[in-house]
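Here is a set of exercises to work through with the model open beside you. Try each task yourself before you read the solution.

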Amino acid sequence: MLEMHEVIIEVYIEDKLTSKRQMQAPKEMLIANFLNTAKQMKNDRRPIKLKMIRPEMIWDEFEKKQIIVNNEIELSNEAMVAWEENKE
């Protein structure tokens with residue numbers, strides 16, 4: 001049986017969040033989905049950023065309580081990199 005993971009997938013065009021969806025699937029399927037989406041946005045002329053976030057509950061020893069940390073991976077196409085450089 002494959003372990004299920006829950007993630008949030010966000011898509012940004014420029015600095016605007018255009019899509020946010022929650023997915024639950026085995027790790028391999030989540031990776032495949034992320035890579036397929038990345039391939040689709042690679043040649044898009046619009047500045048696009050893709051982000052996958054996996055919230056994880058951990059024990060904070062300092063505060064003695066459970067907290068949620070977000071493990072995330074972010075990918076930008078060339079148009080987004082250029083747009084962010086010009087914005088600064």
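**Exercise 1. Classify E63 and its salt-bridge partner.**
Task: Is E63 buried, partly exposed or exposed, and with which residue does the side chain of E63 meet in a salt bridge?

Solution, step by step:
- Keep in mind that this is a predicted model, so every value here is computed.
- Start with the cut-offs: buried means under 20% relative accessible area, exposed means over 50%, and partly exposed lies in between.
- E63 has a relative accessibility of 46%, so E63 counts as partly exposed.
- The salt-bridge partner of E63 is K65, with 3.3 Å from N to O.
- K65, at 41% relative accessibility, is also partly exposed.

**Exercise 2. Find a salt bridge between two strands.**
Task: Which strands hold E74 and K49, and are these two residues buried, partly exposed or exposed?

Solution, step by step:
- First, check the pair: the side chains of E74 and K49 form a salt bridge, with an N to O distance of 3.7 Å.
- Next, place the residues. E74 belongs to strand β4 (residues 65-76) and K49 to strand β3, so their salt bridge ties together parts that are 25 residues apart in sequence.
- Now apply the cut-offs. E74 has a relative accessible area of 40% and is partly exposed, whereas K49, at 15%, counts as buried.
- As a last step, look at the wider picture: the structure holds 11 salt bridges. Another of them joins D44 and R46, whose closest N and O atoms are 2.8 Å apart.
- D44 is partly exposed at 24%, and R46 is partly exposed at 44%.

**Exercise 3. Describe the surroundings of K51.**
Task: Where is K51, and which residues does K51 touch, not counting residues up to four places away in sequence?

Solution, step by step:
- Locate K51 in strand β3.
- Check the exposure: K51 has 15% relative accessibility, which means that K51 counts as buried.
- List the contacts beyond four places in sequence: K51 touches I8, I9, E10, Y12, F34, E72, I73 and E74.

**Exercise 4. Spot the unusual phi angles.**
Task: What is the sign of phi in E14 and in K64, and where do these residues lie?

Solution, step by step:
- Begin with the background: most residues other than glycine have a negative phi.
- E14 is not a glycine, and yet its phi is positive, at about 55°. The phi of K64, also a residue other than glycine, is positive too, near 60°.
- Place each residue. E14 sits in the loop between β1 and β2, and K64 sits in the loop between β3 and β4.
- Compare with the cut-offs: E14 has a relative accessible area of 30% and is partly exposed, whereas K64, at 52%, counts as exposed.

**Exercise 5. Build up the nonpolar core.**
Task: How many residues are in the largest nonpolar core, and which element gives the largest share?

Solution, step by step:
- Recall a general tendency: in soluble globular proteins, nonpolar side chains tend to be buried together.
- The largest nonpolar core here has 11 residues, which are V7, I9, M23, A25, L30, F34, A38, M41, I48, L50 and M52.
- Two or more of these residues come from each of β1, β2 (16-26), α1 and β3.
- The largest share, four residues, is given by α1.
- Zoom in on one core member. Beyond four places in sequence, M52 is in contact with V7, I8, I9, L30, F34, N71, E72 and I73.

**Exercise 6. Inspect the largest pocket.**
Task: Which residues line the largest pocket, and how many of them are nonpolar, polar and charged?

Solution, step by step:
- Note the volume of the largest pocket, about 170 Å³.
- Name the lining: H5, V7, K27, L30, I31, M52, I53, R54 and N71.
- Assign elements. Those that give two or more residues to this lining are β1 (4-13), α1 (27-42) and β3 (48-60).
- Sort by class: five lining residues are nonpolar, two are polar and two are charged.

**Exercise 7. Compare sequence and space.**
Task: How many residues apart in sequence are V11 and S76, and what is their C-alpha to C-alpha separation?

Solution, step by step:
- Find V11 in strand β1.
- V11 and S76 are 65 residues apart in sequence, and their C-alpha atoms are 9.9 Å apart in space.
- Finish with the contacts of V11 beyond four places in sequence: K16, L17, T18, S19, I48, K49 and L50.

Note on methods. Residues numbered from 1 in each chain as written. Predicted model: local features only at pLDDT ≥ 70, side-chain atom pairs only at ≥ 80, totals over all residues. Heavy atoms only, no water. 1 Å grid on protein atoms, 1.4 Å probe; cavity = no way out; pocket = protein on both sides within 12 Å on 5 of 7 lines; lining within 4 Å. Points joined across faces, edges and corners; volume = space filled by probe spheres on them. Nonpolar A, V, L, I, M, F, W, Y, C, P; charged D, E, K, R; others polar. Core = buried A, V, L, I, M, F, W, Y, C linked by side-chain atoms within 4.5 Å. Buried < 20%, exposed > 50% of the residue type's maximum accessible area, 1.4 Å probe, protein only. Contact = heavy atoms within 4.5 Å. Salt bridge = Lys/Arg side-chain N within 4 Å of Asp/Glu carboxyl O.
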